[in-house]
Amino acid sequence: MTNLASKRERPLSPFMIGPHYRPQLTSMTSIFHRITGVLLSLGALAMVGWLLAVAAGPDAYQHFANLASSWFGLAVGAGLIFAIVYHWLNGVRHLAWDVGVGLELGRAYASGWFVVGATAVLTVALVWLMLRGVAP
Amino acid sequence: MTHALRDPLKRARGLGAAKEGTSHFIAQRVSAIALAPLSIWFMVSAFSLLGGGYAEARVFLAQPFNAVLMAALVIALFHHAHLGLETVIEDYVHLRGLAFTLKIVVKFVAVLAVIASLFALVRIALGA
């Protein structure tokens, strides 16, 4: 890039989130896909911690179990359940788009609302199952 | 008319101007397809192990079927996470040095996480 080109103010299309666009279901489901993806990347490290704890023996496992069943651990678990349910459902939506299915505006909105609704229902159900599972 | 001006080889390769983005895009989708069933299997397994304690978790992971699927999950998951975090960094981190550093950190953490997981699975399987 030459100096001349970099000094000139080129018009840019505005970012989808910000003052230029009103929030839309399509842009919001997209950014949430990325946010939940980042959260799940961190959550994946907890899964590695679980594997290492099992490999290390009963004492290490007890430490992991205590942390996981603490108030903090259960809150993180609930957050990860939400993230994986949303990212899974919306990921299937993206894969459908990648093969050209459901790209029409009406269908994109319908699948978006389906993802939102199904995420809410499944998250509540799975968090309830988690709390029931760890309860003595 | 414009098509006639385009080199057929360029169309056949289908790589676009940057030459390498397509493989990144496709690897993201292929790992996603692998993760769709693997993540369901993991969730069902994790919920069945809830409240089960050390012995139950160890027996579960020592079974070859579970160990193989767990290894597949870990590899696909960190491959997918690595590709996704790279995209997020490239899109939102505009300081080139910071973006470069973050991408290296993400890569190293992802590779270490896979190695550590496979080591743990082997150790559990061999009963060491």
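Visitor: What makes the radius of gyration of chain A differ from that of a compact globule of 136 residues?

Guide: A compact globule of 136 residues would have a radius of gyration near 14 Å, whereas chain A has 21 Å; the value is taken over C-alpha atoms, and the globule rule is 2.2 Å times the number of residues to the power 0.38. The C-alpha trace of chain A spans about 65 × 45 × 30 Å along its principal axes. This is a predicted model, in which local features need pLDDT of at least 70 and side-chain atom pairs count only at pLDDT 80 or more, while totals for chains, interfaces and linings use all residues. Residues are numbered from 1 along each chain as its sequence is written, and chains are lettered from A in the order in which they are written.

Visitor: How many helices and strands does chain A have?

Guide: Chain A has five helices and zero strands, where helices (H or I, at least four residues) and strands (E, at least two) are DSSP runs numbered from the N terminus. Along the sequence this reads α-α-α-α-α.

Visitor: What share of chain A counts as buried?

Guide: Of its 136 residues, 21% count as buried, that is, 20 or more other C-beta atoms, placed from the backbone, lie within 10 Å of the residue's own.

Visitor: How many residues of chain B are in contact with chain A?

Guide: On the chain B side there are 25 residues, in contact with 23 residues of chain A, contact being defined by C-beta atoms, placed from the backbone, that lie within 7 Å. Helix 6 of chain B gives the most to this side, with seven residues.

How values were computed
A residue is buried if 20 or more other C-beta atoms lie within 10 Å of its own, exposed if 12 or fewer, and partly exposed in between; C-beta atoms are placed from the backbone. Two residues are in contact if their C-beta atoms, placed from the backbone, lie within 7 Å.
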